[in-house]
Amino acid sequence: MSPDRTRLHIAVQKSGRLSEQSLALLKSSGLRINQGGKHRLSARAENFPLDIMFVRDDDIPTFVAEGICELGIVGQNVLAEYALGLAKPRIEEIARLGYGRCSLKIAAPEKLAGFQIEMLAKQRIATSYPRLLQRFLDSQGIEAETVTMRGAVELAPRLGIASFVCDLVSTGATLEANGLAPVADVFDSEAVLVRTRQPLDGAHAEKIDALRTRIDGVIATAESKYIVLNAPESALAAITAILPGADAPTVVPLVGRPGHVAVQAVCQESVFWETLERLKGAGASAILVMPIEKMMM
Ligand code: PRP
Ligand code: ZN
């Protein structure tokens, strides 16, 4: 079965750290997705020309590089490992998605004391990310032996296969459960939206832009708030300086209160209680903070 070339195709992780949030992001972008059973390997958006392919995260770069899927959602860790094996780039990162944050770290048995980077010299390090690890070792001028494993890397020290591991850490629970402790940071990662560098026809490119605009809107909206407050005109400069990530607030006069105005602004960064206290301190009153449901910039 060859894919329908009139539709867009996006590769997302079938099951794993990014699956749930990737699907949630697509749904928040207004896509109605008929997922079917959990063994389904693809799904169709009913109200947008997009098909979703559920694949192993490590396979996502290949799908996108080959243009089988024009788009993908993948961790920068998987993407960078793949890209380091290519002579020239075949995938373009088009948006950071703000979830799936984790880092690739070197870890050592907890009992090892006083770690120093030189201690890696001539040692065996087990990893599923041999290229990222090698780049790191080169940058540190260290020669070590890489043992490539597809999974269960944390078992390697106990099995006597390696003295160190280099693996992804998010909560740290896996390392801890295996008696390991992080000793060095190799690469920080989050989920990103990627597109193929294969040439696309105009219709495909337009659909990608439309989807991207929606996704950008969802990401921007996640943290954004709409703030309304009253203030004496004389305090306007001080108050707009406090509003986090707001440009050009709307200022309107208050009927019956000369010298006072209402200020309305979209704040594109988190609004904390502390921010409200500072606004109040600067002369603001009747401060309202409201969630924003949709936004298109
Ligand atoms: C990574 C890594 C660890 C685990 C760490 O696997 O290999 O097993 O996550 O997470 P923690 O710090 O929260 O315990 P991943 O979910 O990426 O699965 P995969 O390597 O099989 O794709
Ligand atoms: Zn994987």
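Student: How many residue pairs are in polar contact across the interface of domain 1 and domain 2?

Tutor: The rule finds four such pairs in this predicted model. In each of them an N or O atom that can donate a hydrogen sits within 3.5 Å of one that can accept it, so the pair counts as a polar contact.

Student: And how many salt bridges does the rule find across that interface?

Tutor: Zero. A salt bridge needs a side-chain nitrogen of Lys or Arg within 4 Å of a carboxyl oxygen of Asp or Glu, and because the rule finds no such pair across the interface, the count stays at zero.

Student: What makes up the side of domain 1 that touches domain 2?

Tutor: Four nonpolar, three polar and three charged residues. In domain 1, Arg17, Asn77 and Glu81 lose the most area to domain 2, together 58% of what that side buries.

Student: How do you know that the two domains are in contact, with their C-alpha centres 29 Å apart?

Tutor: Contact is judged on heavy atoms within 4.5 Å, so the distance between centres doesn't decide it. Ten residues of domain 1 meet eleven of domain 2 by that test, and about 950 Å² is buried between the domains, with carbon and sulfur atoms giving 56%.

Student: Arg17 is also listed around ligand 1. Why is its link to the ligand called a polar contact?

Tutor: A polar side-chain atom of Arg17 lies 2.6 Å from an oxygen atom of ligand 1. The cut-off is 3.5 Å, so 2.6 Å qualifies.

Student: Which other residues have a polar atom by a ligand oxygen?

Tutor: Among them are Asp57, through its side chain at 3.2 Å, and Gly172, through a polar backbone atom at 2.7 Å. Both distances are within 3.5 Å, so these are polar contacts too. As for cover, ligand 1 exposes 510 Å² when taken alone, and the protein buries 69% of that.

Key. Residues are numbered from 1 along each chain as its sequence is written. Chains are lettered from A and ligands numbered from 1 in the order in which they are written. This is a predicted model: local features need pLDDT of at least 70, side-chain atom pairs count only at pLDDT 80 or more; totals for chains, interfaces and linings use all residues. Side-chain values use heavy atoms; hydrogens and water are left out. Buried area is the accessible area (1.4 Å probe) that two parts lose on being put together, summed over both. Ala, Val, Leu, Ile, Met, Phe, Trp, Tyr, Cys and Pro count as nonpolar, Asp, Glu, Lys and Arg as charged, and the others, Gly among them, as polar. A residue is near a molecule or strand if one of its heavy atoms lies within 4 Å of it. Accessible areas come from the Shrake-Rupley method with a 1.4 Å probe; for residues, only the protein chains shown count as cover.
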